[in-house]
Amino acid sequence: MLTRIADVLARIDRRIIYLLISISVIIPTLVIFPLPVQVSPETQKLYDRVEAIPDSSMILLTFDYYPSTLAETEPMSVAVLKQCWRKNLKVVTLSTVGLGGPSIADRVMSTLADKFGKVYGIDYVNLGYKANYQAVLLGLGKSIRSIYPTDYYDTPLDSLPMMKNVDTYDAFDFIFIVSDNGIVDNWVGLVNAQFGSEMGAGVTAVMAPKFYAYVRSNQLVGLLGGMKGAAEYEYLVGEKGAATAGMGAQSLVHLTIIIFILIGNFAYFAGRKKK
Amino acid sequence: MNHDIVLFLEMTLAGFLTLCIFSFLYKDNPFYRLAEHIFAGLSAGYYVGLIWHSVIMQQLWVPITQNGQYSLILPGLLGVLMFTRLVDRLSFLSRVSIAFVVGNTAGISIIQQLHGFVLPQLGDTMSRFGQEFWGPLIILIGVVSTLIYFYFSKEHKGALGITAKVGTVFIMVSFGAHFGYTVMGRVSLLIGRVQFLFVDWVHSFNKIIN
């Protein structure tokens, strides 16, 4: 009897699994149910550090991600921007990712700027993308103008009031990296190590395990890992967004996957016993 | 045309292409192939335009022709030499450019790895021995045993074999953590698409009918 059940379970069509996973995502998306948010120490530290930046200071926020990972990374950028602009911080953005990065920054910032009454060139600047990230990161430590003579819209930096006295990393109180790739290694290894700039990062879940070591060694102040990290940050900022809305689906899908892992193991071991 | 209608048409196109990609979960089909080819072509075309504008024009042509930065002719020539790979008789010339790129990258990476990763991580772990015992000890055992697992100059027998086995445990724990996070990441991407289809797309439709 047991082995027959195992046989049936072992032969479940993969499309049934896809269907169940889809249902597990769709239902919580349509019927949002609130789940308690446990803030991790890494997220809390990052939030506290940004909160401690004196009002009207300057922060460098990077949009180092592709459109394919928007679900995880954009909520981080949005939450950080809301926190920054609530404190009247001046925000400079750049991207080491050409495909998407600068245009995502443009869309996110212009949308939120209207809401917070922020003016381009006075409260925020989008530097855009330059190729060869290693040269860019090293060059910015010597002279921002040598790498970015103009901003994303081809406006000379000197004609932007906010950028008049900004020419190296020293102008920034903090660097907040939002990334979906290994560029965090370069920010830490080149910019933190060689220029002593303080920084924190929000990364996709796939990248997160690697970067916790940087938090432990204080090379990163804190770390947001994937959609959960973004939801935690939204909770701290006090603005529920896309990440918080996605956590219900995230939990239900994880539960479904755990059940399928148990079923798979049961089918495997019961099947082996039969042989 | 009304902004809302344009937005809805954009969303509908994106929604259609998303569904085309998802259709592969059932089986391979022409709609999936169409979306796949559009994605590949669009990405390639966008990159060509991006590199042309942000590298060739902004960092080479304009500085040389308008700012008189003639020293940039040299890296420009190195770039041109890369294309000699397309001609068999001249392909050896591309090695000059490749050598420059390899040397440059190695120089930056060695400093980056040593100064930004190895030394700070070593320093942090060692300095913690004064404050705690088990944490840094586990890290030390993990690093040494994992390195020994990848030491292939001697057969893994005796003490070396036992240490390599301990290394395997640490590698498995690391793989497990990465796998768990990867599942979470991939599920997040699916959630993002579903939110787009069921929230953003529907919202854009509601906007034009209201």
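Student: What makes the packing of helix H3 (residues 73–82) of chain B and H4(B) oblique?

Tutor: In this predicted model, the two helices pack at an angle of about 120 degrees, with their axes 7 Å apart, where axes are lines fitted to C-alpha atoms, for helices over the stretch in contact, and angles run from 0 to 180 degrees between N-to-C directions. Angles under 35 degrees count as roughly parallel, over 145 as roughly antiparallel, 65 to 115 as roughly perpendicular and the rest as oblique, and H3(B) and H4(B) are therefore oblique to each other. Residues are numbered from 1 along each chain as its sequence is written, and chains are lettered from A in the order in which they are written.

Student: Which residues of H3(B) and H4(B) make the contact?

Tutor: B:Leu78, B:Leu81 and B:Met82 of H3(B) meet B:Ser94, B:Val96, B:Ser97 and B:Phe100 of H4(B), contact being counted if the C-beta atoms of two residues, placed from the backbone, lie within 7 Å. These residues divide into five nonpolar, two polar and no charged, where Ala, Val, Leu, Ile, Met, Phe, Trp, Tyr, Cys and Pro count as nonpolar, Asp, Glu, Lys and Arg as charged, and the others, Gly among them, as polar.

Student: How many residues of chain B are in contact with chain A, and which helix supplies the largest share?

Tutor: There are 35 residues of chain B in contact with 42 residues of chain A, and H6(B) supplies the largest share of that side of chain B, 17 residues, helices being DSSP runs (H or I, at least four residues) numbered from the N terminus. That side of chain B divides into 21 nonpolar residues, 13 polar and one charged.

Conventions:
Predicted model: local features only at pLDDT ≥ 70, side-chain atom pairs only at ≥ 80, totals over all residues.
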